[in-house]
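Got your viewer open and a selection box ready? Load the model below and follow along, one stop at a time.

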Amino acid sequence: REDIRGVPMKPSVCLLTAYDSTQQPLAAFTIPGMQAFAQAHGYEVRAVYREEWERPRGWIKIEAIRAALDNNFDFVFWVDVDSIILRCDVDVRTAAVDDACLHMVWHGPDTSKIEANNFVPHFNSGVMLIRVTAWSRSFFTRVWEVGQLPHHWSDQATIHHLLGYDDCLGLGPNRPDEPNRSRLARLDTAWNSAPGLATAPHAIIHHYAGISNPSTRLRLVELDARTAL
């Protein structure tokens with residue numbers, strides 16, 4: 001695409017998050033950082049608040065992503081609402097891999113400092129860069145249709161299954177010949193550094209995943225937000 005002067009335009013990005021009333025206290029600390037990051041790079045921000053979602057909280061992101069994929073963006077950059085953006089100096093568009101439609105961080109000993117016991121390496125869906133294509137629309141529709149698998153991860157389990165990563169779910173061996181894998185690329189761990197689980201130096205985003213106590217997670221997010229950006 002070009003502007004009226006014939007100068008190539010950067011791909012458009014929707015920085016997307018979504019939440020309900022239970023997560024509203026987190027959003028108060030995290031969304032300002034998302035807005036600052038988006039403003040620095042010329043993204044559009046969509047912070048979707050709704051009390052009534054079609055499915056339980058673990059599936060909010062899939063509902064929001066599917067809606068955003070129907071709009072006129074080049075990329076949807078999903079960031080979980082319990083994530084603090086720490087830095088504005090890196091444009092996520094520079095992380096996009098040609099021909100890849102789904103970019104996620106792999107948390108494992110080869111990419112991260114593992115801080116949790118009995119950690120199972122996996123892709124984390126808390127931060128995803130999604131190229132808007134027919135494949136992406138079809139993939140996330142399929143995630144929604146398959147729905148909840150017999151695993152404590154919500155959408156993340158179904159995403160792994162559709163990408164052929166069943167071993168980490170305890171649902172059988174991996175399927176490396178799964179066709180969907182050809183559209184997958186890894187983001188640098190700095191884009192989704194999870195304190196207490198799997199971290200990276202020089203993190204761009206701290207994602208407070210895997211914290212079951214809401215007050216503990218809120219306190220950690222609040223402390224981090226006060227020093228970010």
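Which residue just after α4 takes a positive phi? Select glycine 164: its phi is about 85°. Bear in mind throughout that this is a predicted model.

**Stop 1: α4**

Now step back into the helix itself and select residues 155-162. Seven of the eight residues of α4 are buried, so call this helix mostly covered. The buried ones are Asp155, Gln156, Ala157, Thr158, Ile159, His160 and Leu162. Turn on the surroundings and you'll find them packing against α2, β5, β7 and α3.

Pick out isoleucine 159 and show its contacts. Setting aside neighbours within four places in sequence, isoleucine 159 touches Ile62, Met104, Ser125, Met128, Phe139, Phe140 and Val143.

**Stop 2: the cores**

Ile159 also belongs to the largest nonpolar core, which has 32 residues. Select Leu102, Met128, Phe139 and Phe140 along with Ile159: these five touch the most other members. Two or more residues of this core come from each of β1, α2, β3, β5, β7, α3 and α4. Colour α2 (60-69) separately, since that helix gives the most to the core, with six residues.

There is a second, separate core of 20 residues, with Ile85, Val92, Leu129 and Ala190 among them. Zoom in on isoleucine 85, in strand β4 (residues 83-85). Its relative accessibility is 2%, which is why isoleucine 85 counts as buried. For a sense of scale, draw a distance from the C-alpha of isoleucine 85 to that of histidine 152: the two are 67 residues apart in sequence and 26 Å apart in space.

**Stop 3: β3 and its partners**

Next, select residues 75-79, strand β3, where five of five residues are buried. Look along the strand and see which side chains go which way: Phe75, Phe77 and Val79 point one way, while Val76 and Trp78 point the other. That fits a general pattern: side chains in a regular strand alternate between the two faces of the sheet.

Add β1 (residues 13-19), which pairs with β3 in the parallel sense over four bridges. Here leucine 15 stands opposite phenylalanine 77. Then add β7 (residues 122-131), which pairs with β3 in the antiparallel sense over five bridges. Highlight tryptophan 78 and its bridge partner in β7, methionine 128. You've met Met128 already, as one of the core residues that touch the most other members.

**Stop 4: the largest pocket**

Switch on a surface and go to the largest pocket, with a volume of about 960 Å³. To centre the view, select Asp80, Trp153, His207, Ala209 and Gly210, which lie nearest the pocket's centre among its 38 lining residues. α2, β7, α4 and α5 (214-225) each supply at least two lining residues, and the largest share, four residues, comes from β7. Colour the lining by class and you get 16 nonpolar, 16 polar and six charged residues.

**Stop 5: two loop residues**

Finally, back to backbone angles. Most residues other than glycine have a negative phi. Where, then, is aspartate 99, and is it buried or exposed? Look in the loop between β4 and β5; at 64% relative accessibility, aspartate 99 counts as exposed. Its phi is positive, about 75°, although it is not a glycine.

Histidine 202 sits in another loop, between β9 (198-199) and β10 (205-207). Histidine 202 has a positive phi too, near 55°, and counts as exposed because its relative accessibility is 67%.

Conventions: Residues are numbered from 1 along each chain as its sequence is written. This is a predicted model: local features need pLDDT of at least 70, side-chain atom pairs count only at pLDDT 80 or more; totals for chains, interfaces and linings use all residues. Side-chain values use heavy atoms; hydrogens and water are left out. Buried means under 20% relative accessible area, exposed over 50%, partly exposed in between (1.4 Å probe, protein chains only). Two strands pair if DSSP finds at least two bridges between them. On a 1 Å grid over the protein atoms alone, a cavity is a set of points where a 1.4 Å probe fits but cannot get out, and a pocket is an open set with protein on both sides within 12 Å along at least five of seven lines; lining residues have an atom within 4 Å of a point. Grid points are joined across faces, edges and corners, and a volume is the space filled by probe spheres set on the points. Ala, Val, Leu, Ile, Met, Phe, Trp, Tyr, Cys and Pro count as nonpolar, Asp, Glu, Lys and Arg as charged, and the others, Gly among them, as polar. A nonpolar core is a set of buried Ala, Val, Leu, Ile, Met, Phe, Trp, Tyr and Cys residues joined through side-chain atoms within 4.5 Å. Contact means heavy atoms within 4.5 Å.
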